[in-house]
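Trainee: I would like to practise reading charged contacts. Can we go through some labels and test each one?

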Amino acid sequence: VRYRPKWAWRGKSPIRNAEYEDSREPIALTLKNTRVLITHGSNSCVDALVMGVPSIILGTGVTLAISSRSLDDIDAPNFASDAERLQVLANLAWSQFTIREMASGLAWRHLRGMLDESPVLR
């Protein structure tokens, strides 16, 4: 179980029973050895979703609908189904790129990189 707050957030402090990570290392490296990610709701909750790692979100985040919201869930966090995770990603993708970015292939290049790294979405 890891707690990884946004590195620039000044209010961060360790949480009991969670490995505290105050790092700028790529989140994909962190998530490979993580059973549950605790965050306040940055992009890390999306990265966790893509990597199949359940999140506990203590603030706001785009994956709130499929994540736990309390440290009481640390032993049994909500683990969304593949369909639920894909729906959240589809909802995010709907407004992520412009038509021009999609037509140029930029959107696909970005998403392809995430798909290649994800054990869930391959």
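Mentor: Start with the rule. A salt bridge is a side-chain nitrogen of Lys or Arg within 4 Å of a carboxyl oxygen of Asp or Glu. Keep in mind that this model is predicted.

Trainee: What makes Asp 82 and Arg 85 a salt bridge?

Mentor: Their closest N and O atoms are 2.3 Å apart. The cut-off is within 4 Å, so the pair qualifies.

Trainee: Why are Asp 82 and Arg 85 separated by about one helical turn?

Mentor: Because they are three residues apart in helix 3 (residues 82-94).

Trainee: Why is Arg 85 called buried?

Mentor: Its relative accessibility is 7%. Buried means under 20%, so Arg 85 counts as buried.

Trainee: What makes Asp 82 partly exposed?

Mentor: Its relative accessible area is 46%. Partly exposed lies between under 20% and over 50%, so the label fits Asp 82.

Trainee: How do you know that Glu 21 forms a salt bridge with Arg 2?

Mentor: The closest N and O atoms of Glu 21 and Arg 2 are 3.1 Å apart. That is within 4 Å, so the rule is met. The pair links distant parts of the chain, 19 residues apart. Glu 21 is in the loop between strand 2 and helix 1 (27-31), and Arg 2 is in strand 1.

Trainee: Why are Glu 21 and Arg 2 called buried or exposed?

Mentor: Glu 21 has 8% relative accessibility, and Arg 2 has a relative accessible area of 13%. Buried means under 20%, so Glu 21 and Arg 2 are buried.

Notes: Residues numbered from 1 in each chain as written. Predicted model: local features only at pLDDT ≥ 70, side-chain atom pairs only at ≥ 80, totals over all residues. Heavy atoms only, no water. Buried < 20%, exposed > 50% of the residue type's maximum accessible area, 1.4 Å probe, protein only. Helix = DSSP H or I, 4+ residues; strand = E, 2+ residues; numbered from the N terminus.
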